[in-house]
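Me: I would like to go through this model feature by feature. Please give the general idea each time, then the case at hand.

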Amino acid sequence: MAEKRSMLRRGFTEMDYDSVIAEGLDVDNIKYVNDPIHGYIKLNKHMLEFIDTPQFQRLRNLRQLGSAYYVFPGGSHNRFEHCIGTSFLANEVVQGLSLRQPELAIDERDIRCVTLAGLCHDLGHGPYSHMFDNEFIPRARPELEWSHEMGSEMMLHYAIDENNIDIEEHDIKFIKRLIQGTSRPVNDEKMFLFDIVANKRNGVDVDKFDYIQRDCYNVGVKSSYDFSRLMLNSRVIDNELCYDHKEAYNLTEMFHTRYSLHKRVYRHRAAKAIEFMFVDAMLIADPVMHLSHAVSDPVQYQLLTDDIVRDIERSTEPELAEARSLIKRIHTRDIYKFVDEFILPPELTSLANSRVINEAEVVGHRSTNDDFVERDVLVEFCCIHYGMHNDNPVDHINFYSKYNVGEKFPIASEFISMCVPKKYEERIVRIFTRTASKRGQIQRAARKMIEKLNAKTAPCSPGSSPPNITPNRGFTLPEDVSLVIAKKRRLEFG
């Protein structure tokens, strides 16, 4: 009775208390957190053993959106709450399947390991999230093949060893495989469990459910898909997670929302310019602070968070003066500038590689009076898709009907809507500059380069016109862009 009164005083209902007692759980080993996306989330003993460690608490200092926070002020949420949200959804899915399909023989170990996989799946992210493994490490250590998933494995082992977490070795291997995801059979494990946290069949997983909803909520982007319906209308058929056929359009909307977030938020031009600046600052700091070598040392990696920017700012080493200057430029909004963007036609996507389009090629198309150099130019190849590059992810999902819940079947896009896209991937070449005053020169040179590439393009079939890369007129800079900007500032500030 004292336990019940304690829970009621903490704001929980009698139903909460009854569920805890029904599950035979120790109230002292359970905590609840109130999440803006999922409401109250129950954290059990196994989850708390990982959460209450320095390795997991590190995630409080890793922003989910990286440099996009500097463009979307609401996007200040961290990997910490995303991992807790993902573990909650993973637990909800596996518990729901167990209740709806007892014949699956889901046991306590399955539930525990799937929940912990959701909790620990992002332990290995570095400063500013994907910037660290996609941009910084390839330039700092080009010989090294490394990803944040590898970092998650390293930090998972480190958390277990350092905090004496009592967990079986075969459970650790199972959790690692659940985090990696696989579509291939794994000995003695239920294959449908690998569809929950990191689904390699079609990309429908609780990681995506949480980050799409959480990112939309925090940056103010509206989302029309409903992940809770997907969770309620899922069942296992032939060892695969399938969905009610009525959810086909809901799933299409989910993948469209993913694409839209990449287009509008994650790949925002100003966010990318700031990311380039952070990468430059960290590359300058690397020989002094040994940032890139922390990926093979969990003790050092635990200390590597977004706070690295503050560490550089606080430094007094003369070798870091340029890095400090870059960070100051970010704070004063004197950021690198976007120059131009070219969306490649499907027939010309092979041009999106550094052998054809690069900084040196842009410099090679300078006019006589241009004075920009290779260091002034930055080229980015951007690939945005629905989750499976050229494929429609919904084509890889199997569905069921209430009239035969034991039979799975695909649904072709024309039976979902006649308005679904015909293309599911776009490749974009974007040009930036470190030197704002050279923006006009660089754009003219980049467009000359594109004209030359167009001239070399052959028709795809006899009698047809060759595909061309067309510049966006909306990005065309005036002849003297600096004068236009100065005039605009005078008008704004009087």
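Reply: We can begin with one ion pair: Arg447 and Asp340 form a salt bridge, with their closest N and O atoms 2.6 Å apart. Arg447 belongs to helix α18 (residues 439–455) and Asp340 to strand β5 (residues 337–343), so this pair links distant parts of the chain, 107 residues apart. Before going on, note that this is a predicted model, in which local features need pLDDT of at least 70 and side-chain atom pairs count only at pLDDT 80 or more, while totals for chains, interfaces and linings use all residues. Residues are numbered from 1 along each chain as its sequence is written, and side-chain values use heavy atoms, with hydrogens and water left out.

Me: What counts as a salt bridge, and how many are there by this rule?

Reply: A salt bridge is a side-chain nitrogen of Lys or Arg within 4 Å of a carboxyl oxygen of Asp or Glu. By this rule the count comes to 28. Helices and strands, for their part, are DSSP runs numbered from the N terminus (helices H or I, at least four residues; strands E, at least two).

Me: Are Arg447 and Asp340 buried or exposed?

Reply: Buried means under 20% relative accessible area, exposed means over 50%, and partly exposed lies in between (1.4 Å probe, protein chains only). Arg447 counts as buried because its relative accessibility is 15%. Asp340 is also buried, at 0%.

Me: Which salt bridge lies within helix α15?

Reply: There the side chains of Arg310 and Glu313 meet, at 2.4 Å from N to O. Both residues lie in α15 (residues 308–314), 3 residues apart, which is about one turn of the helix. Arg310 is partly exposed, with a relative accessible area of 42%, and Glu313 is partly exposed at 28%.

Me: What is the N to O distance between Glu425 and Arg427?

Reply: Their side chains form a salt bridge at 3.4 Å. Glu425 is buried at 16% relative accessible area, whereas Arg427 counts as partly exposed at 25%. Elsewhere, salt bridges that share partners join Glu108, Arg109, Arg112, Asp171 and Glu189 into one network.

Me: How many aromatic pairs does a search of the whole structure find?

Reply: Rings of Phe, Tyr and Trp (its six-membered ring) pair if their centres lie within 6.5 Å; planes under 30 degrees apart count as stacked, over 60 as edge-to-face and the rest as tilted. The search finds 15 such pairs. In one of them, the ring centres of Phe56 and Phe80 are 5.4 Å apart and the planes are at 65°, so the pair is edge-to-face. Phe56 in helix α4 and Phe80 in helix α5 are 24 residues apart, and the pair links distant parts of the chain. Both residues are buried. Phe276 and Phe432 also form an edge-to-face pair, 5.4 Å centre to centre with 65° between the planes. Phe276 lies in helix α13 (residues 269–289) and Phe432 in strand β9 (residues 425–433), so this pair ties together parts that are 156 residues apart in sequence. Phe276 is buried at 6% relative accessible area, and Phe432 counts as buried at 0%. Ring pairs also link Tyr69, Tyr70, Tyr128 and Phe278 into a cluster.

Me: Where does the charged end of Arg60 sit?

Reply: A charge sits over a ring if NZ of Lys or CZ of Arg is within 6 Å of the ring centre and within 35 degrees of the ring normal. The charged end of Arg60 sits over the ring of Phe80, 3.9 Å from its centre. Arg235 lies over the face of Tyr400, at 5.9 Å from the ring centre.

Me: Which residues does Asn78 touch?

Reply: Contact means heavy atoms within 4.5 Å. Not counting residues up to four places away in sequence, Asn78 touches Leu59, Arg60, Leu62, Arg63 and Gln64. Asn78 is found in the loop between α4 (54–57) and α5 (79–100), and is buried, with a relative accessible area of 15%.

Me: What can be read from His396 in the same way?

Reply: His396 is found in the loop between β6 (377–385) and β7 (399–401), and is partly exposed at 32% relative accessible area. Leaving aside neighbours within four places in sequence, His396 is in contact with Arg201, Asn202, Glu240, Met388 and Asp391.
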